[in-house]
Each structure stands twice: as structure tokens, then as C-alpha cells.
Amino acid sequence: VFDNMIAKGDIKPLIVVTPTYNVPYSSDMNSTSMNFYLELVKDLIPAVEKQYHTYAKDVTAEGVHASKWHRAFSGFSMGGVCTWGVFDHCIDQIGCYIPISGDSWIAGQVQGAGAAKYLAETFTQTGYKPSDFRVYAGCGGPSDMAYGNLTPQIDAMKKHTEIFKYCDNFKDGNLYQAFSE
């Protein structure tokens, strides 16, 4: 899909990296999906930046931070859960987050208001602003099993307007949720 879009001139050339890990599903809130950010920051981002010489001038924290708007992170289902963990820990290195059909298990807060409050408080206390990131969340409609997990979290995030600005255009905010049956 990306190759065809690049060939048609719809998008600029890009690099897509699809990491994975082999961990059986676990209800443990310390699941590897929530700790993947450690490998991402320590190994994966530096390896890609060194190999392909993209927008980062170097692989120092400053070099990676300066190029954060040229980097996005996304995942589906457990990968969506992983995306929230990366969002919590990598906002200085990645600008855009796309959790798909996965809610946040952050800080042991499963579903909804607890995760939204944690994220809003954490980002506010550390000085992050709404202009520091974008979240484009997605899931199926009400018949999708992920809808009942992700949607309450996004609805709760909308109430924390000091950090999350719900919008349908990222010129006007930093948070959006899309639905597709």
C-alpha cells in the first residue's frame, strides 16, 4: 500500500518498522506490551536512525527529540496497549500515536477514566503541552469488542482539556477517535 501511495505521489517516501515480541497473553499489568518502550528507545530507534540516516542529526537524546515529528508509533489490539505504554514514556521522541483497538493498561488502570487521569496528570506535571503530541485512536463500532474498552478511555481523555484537545482536524487539537465497522 505504501509503495503504491509513494509511486502515485500521495505520500513522501517513508520507513515502516514492524517490531514484535513473543510473549503469551497475560492479564498481568506488567505485561511486556507496557514495557516495550525500553527496547524501542534503547535499541530500535537508534538502529533505524543509524542505518537509514533519516531526519535525526544523530542518535543522541537531543537528535532523536529534534526529529520526533518524523516518527509515529502504532499498534493493533495488544499493540494498541503497547502504543499507550510508548505514549506514556516516549513523548519526547515520537510525535504521533495511533492505538488501534487497544486501551491503556497504564499504571494498572484498565479501561477509561483511570488511565485518562493518569496520562493527563503525568503530562501536566512534566510540562508537556497539547502541542507536544497527537493521538489518532481507532476501533470498530459498538459491535467491536475493543469499542467498549477504548471508547470510555477516549471519552474520559476528552474531559482533561488542559492536555487533550479533541478534534476532527489536528490543526485544532491533538486527540481524535475514528470508527470503522
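I take a crossing of two helices as right-handed if the near helix is turned clockwise from the far one by less than a right angle. I applied this to helices α5 and α6, and I recorded that α5 passes α6 in a right-handed crossing. I note at the outset that the model is predicted.

**Entry: α5 against α6**

I looked up the distance and angle between these two helices. The axes of α5 and α6 come within 8 Å and cross at roughly 40°. I therefore entered α5 and α6 as oblique to each other. I then listed the residues in contact: α5 contributes Ala113, Ala115, Ala116 and Leu119, and α6 contributes Gln153, Ala156 and Met157. Sorted by class, this contact of α5 with α6 has six nonpolar residues, one polar residue and no charged residues.

**Entry: α4 against α5**

I turned next to helix α4, residues 78-89, and its packing with helix α5, residues 113-125. Their axes come within 10 Å and cross at roughly 20°. Angles under 35 degrees count as roughly parallel, and α4 and α5 are therefore roughly parallel to each other. I recorded the crossing of α4 past α5 as left-handed. On the α4 side I found Trp84, Phe87 and Asp88 in the contact, and on the α5 side Tyr118, Leu119, Thr122 and Phe123. By class, I entered five nonpolar residues, one polar residue and one charged residue for the contact of α4 with α5.

**Entry: the sheet**

I asked myself in what order the strands of the sheet stand. Four strands form an open sheet in the order β1-β2-β3-β4, and the pairing is parallel. β1 and β4 stand at the edges, each with a single partner strand, so one side of each has no neighbour in the sheet. Averaged over the sheet and with direction ignored, neighbouring strands are turned by 10° against each other.

I then went through the pairs of strands.

- I found strand β1 (residues 72-76) paired with strand β2 (residues 96-100) in the parallel sense over five bridges. The bridge partner of Phe76 in β2 is Ile100.
- I found β2 and β3 paired in the parallel sense over three bridges. Here Ile100 stands opposite Gly138 in β3.
- I found strand β3 (residues 134-139) and strand β4 (residues 175-179) running parallel, joined by five bridges. Tyr136 stands opposite Tyr176 in β4.

**Entry: helices on the sheet**

I looked up which strands α4 touches. α4 packs on the sheet and touches β1, β2 and β3. The direction of α4 makes about 150° with that of β1. I also recorded that β1, α4 and β2 make a right-handed β-α-β unit.

I looked up α6 in the same manner. α6 lies across β2, β3 and β4 and runs at about 150° to β4. I entered a right-handed β-α-β unit for β3, helix α6 (residues 147-158) and β4.

**Entry: residues to revisit**

I marked two residues that recur in these notes. Leu119 of α5 is one of the residues in the contact with α4, and Leu119 is also among the α5 residues that meet α6. Ile100 of β2 is the bridge partner of Phe76, and Ile100 also stands opposite Gly138 in β3.

Terms used:
Residues numbered from 1 in each chain as written. Predicted model: local features only at pLDDT ≥ 70, side-chain atom pairs only at ≥ 80, totals over all residues. Heavy atoms only, no water. Axes fitted to C-alpha atoms, helices over the stretch in contact; angles between N-to-C directions. Parallel < 35°, antiparallel > 145°, perpendicular 65-115°, else oblique. Contact = heavy atoms within 4.5 Å. Nonpolar A, V, L, I, M, F, W, Y, C, P; charged D, E, K, R; others polar. Pairing = 2+ DSSP bridges. Right-handed = clockwise from strand over helix to strand, strands pointing away.
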